[in-house]
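Please look over the sequence and the structure shown here before reading the report below.

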Amino acid sequence: MEKTLLMSLDLGTSFIKSAVYDTTGSLIAVASQPVQDERPRPGVFLQKGEYFVESAISCMKAVCGELGERAADIEAIAFTGQMSGFMGVDKNWNDVTTWSCSLDSRYMPYAQRQMQSLQKPFLEISGTNFPAMAPKYEWFKTEFPEENKRVAKYLMISGYLIGQLGDVDIEDAVIDTTYTTWTGLADITKGKWSDVICGAIGLDTKFLPKIVHSNVICGRLSKKAAQATGLTSGIALVSGAGDKIAGCLGSAILDEGEMNFEASSYGGVHKSVREYRPDMESGRYDCIPSPLPGGGFYAAKFVTGSGITLDWFINTFVRQEGQKLSQAFAQIEKDMESVPPGCNGLMAIGLLSGSAMPIDGTLRGMWMGHDWSHKKEHFYRALLESITFDFELTIDSMDKHYPEHPERSAVVKTVGGGAKSPFWLQLSADVTGKTYQVLSRDDIATWAAAMLAGNAIGVFSDLKETAKSNIHVKKEYSPTPGLRETYRPLKELYAESLVSLQEQYKKIQQVNSNLRV
């Protein structure tokens, strides 16, 4: 066991990362490789399956080269990565549809129609406001009928990689339980495909993979893949977990009521819960099964492109030529210190790509109330406040539907790039009235996949204990007394604006659509 190494593959949209850990949780080697894509016209985003295979092989080979003889000590590989998309393969695992992630928006008319008739069962049964595979299936079947006839299984990208790297029969194709929510096709409380939803869209469940837990050996590394990477054939290929939920395991958010805040490109909040209680009133969170067998669920919310939006502002309005991005962020944080809550009458909506929870594709960005006195630090703080309000509205809903263990929910563990922002973390603490803790690891998703790989082969017998013993709190931010009440009317005004401005957003988009014609 002392020699044993564990590999994780993080299957991102732009990059694949391969990370290798020892059994003490130490990162031994890491490599990344971009994933090729094609963007022939607006709304079309193509990634062929072979692009992912090539990048994965390249990463694994690079890590093996770094490890040298120690590459022979790798005993299992587990997967994490993007959680929303669609891919159809034929009986020989050949890519039929290409990998279609959320950036490929050709399916949106089908999504809008499905939401009109199936919004309630999507949320009640599959736990989501934001289904992806269900409408993408109907889109592909309708728009590409001949190609669709060749499809033997509809998969997530991790299931496809397991099939490509292992000697796996197509009928043994898998999807791990953490990915099932955002397909929109599963009954998450029963851990099976939903006859109600699949029947409504005309999908025979024989075309869907087997649902497995996150710690299941689903295949073995083939001789061909072993020769291409420098690994040993027969290594266990473990199902793993989607990146958001792997992050919950990696940050040790495992006991009922515990929460985390992932301040990343698609920032999210998650709360560990024992059962699914849907938010039928406002649709502010989804529910995703835990990676631990019998571990319950996570109430989950992400803001589409929240971190991307903040980067956009800094790069567009703040960053000077030759200045590092980190320096620009540090400068704006310093400048914001003199700006009071509410930004002297300036407020913002920071949903530049719409809202996923509740689903609303018409919302975009907006600043309101500014005059000649406002500077870039006022605009940035207003943007940061708006994103924080959006998360707080969800946290309110989570706490309402899951009031158990308020002492645990009073603390939010924080990870991601935004965890390096003292201003944002203090703002979050002040808006929510909760204490925000910065954790010691940045690699929570890949480390979680490695833990699941180790658990599958018997290295880690207790995933909870392993997770908790390999992370600690570095710093914490406590709420400033009285400021939550100061922010409350601003938060309520933000919530009202999301509703009252919907028609105006629609008019703006319609007018500009007509101008483009």
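The report covers a helix pair and then a cavity.

This is a predicted model, in which local features need pLDDT of at least 70 and side-chain atom pairs count only at pLDDT 80 or more, while totals for chains, interfaces and linings use all residues. Residues are numbered from 1 along each chain as its sequence is written, and side-chain values use heavy atoms, with hydrogens and water left out.

Helix H1 (residues 49-67) and helix H5 (residues 157-165) pack at an angle of about 65 degrees, their axes lying 10 Å apart; H1 and H5 are therefore roughly perpendicular to each other (a term for angles of 65 to 115 degrees). Contact, meaning heavy atoms within 4.5 Å, is made on the H1 side by Gly49, Glu50, Phe52, Val53, Ala56, Ile57 and Met60, and on the H5 side by Ile157, Tyr160, Leu161, Gln164 and Leu165.

A search of the whole structure finds one cavity of 30 Å³ or more, a cavity being a set of points on a 1 Å grid where a 1.4 Å probe fits but cannot get out. The largest cavity has a volume of about 50 Å³, and among the residues that line it, with an atom within 4 Å of a point, are Phe261, Val269, Trp424 and Tyr436. Helix H11 (376-401) and helix H13 (422-432) are the elements that give two or more residues to this lining, and H11 gives the most, with four residues.

The table sets out both groups by residue class.

| Group | Nonpolar | Polar | Charged |
|---|---|---|---|
| Contact of H1 with H5 | nine residues | two residues | one residue |
| Lining of the largest cavity | six residues | three residues | one residue |

Terms used:
Axes are lines fitted to C-alpha atoms, for helices over the stretch in contact, and angles run from 0 to 180 degrees between N-to-C directions. Angles under 35 degrees count as roughly parallel, over 145 as roughly antiparallel, 65 to 115 as roughly perpendicular and the rest as oblique. Ala, Val, Leu, Ile, Met, Phe, Trp, Tyr, Cys and Pro count as nonpolar, Asp, Glu, Lys and Arg as charged, and the others, Gly among them, as polar. On a 1 Å grid over the protein atoms alone, a cavity is a set of points where a 1.4 Å probe fits but cannot get out, and a pocket is an open set with protein on both sides within 12 Å along at least five of seven lines; lining residues have an atom within 4 Å of a point. Grid points are joined across faces, edges and corners, and a volume is the space filled by probe spheres set on the points.
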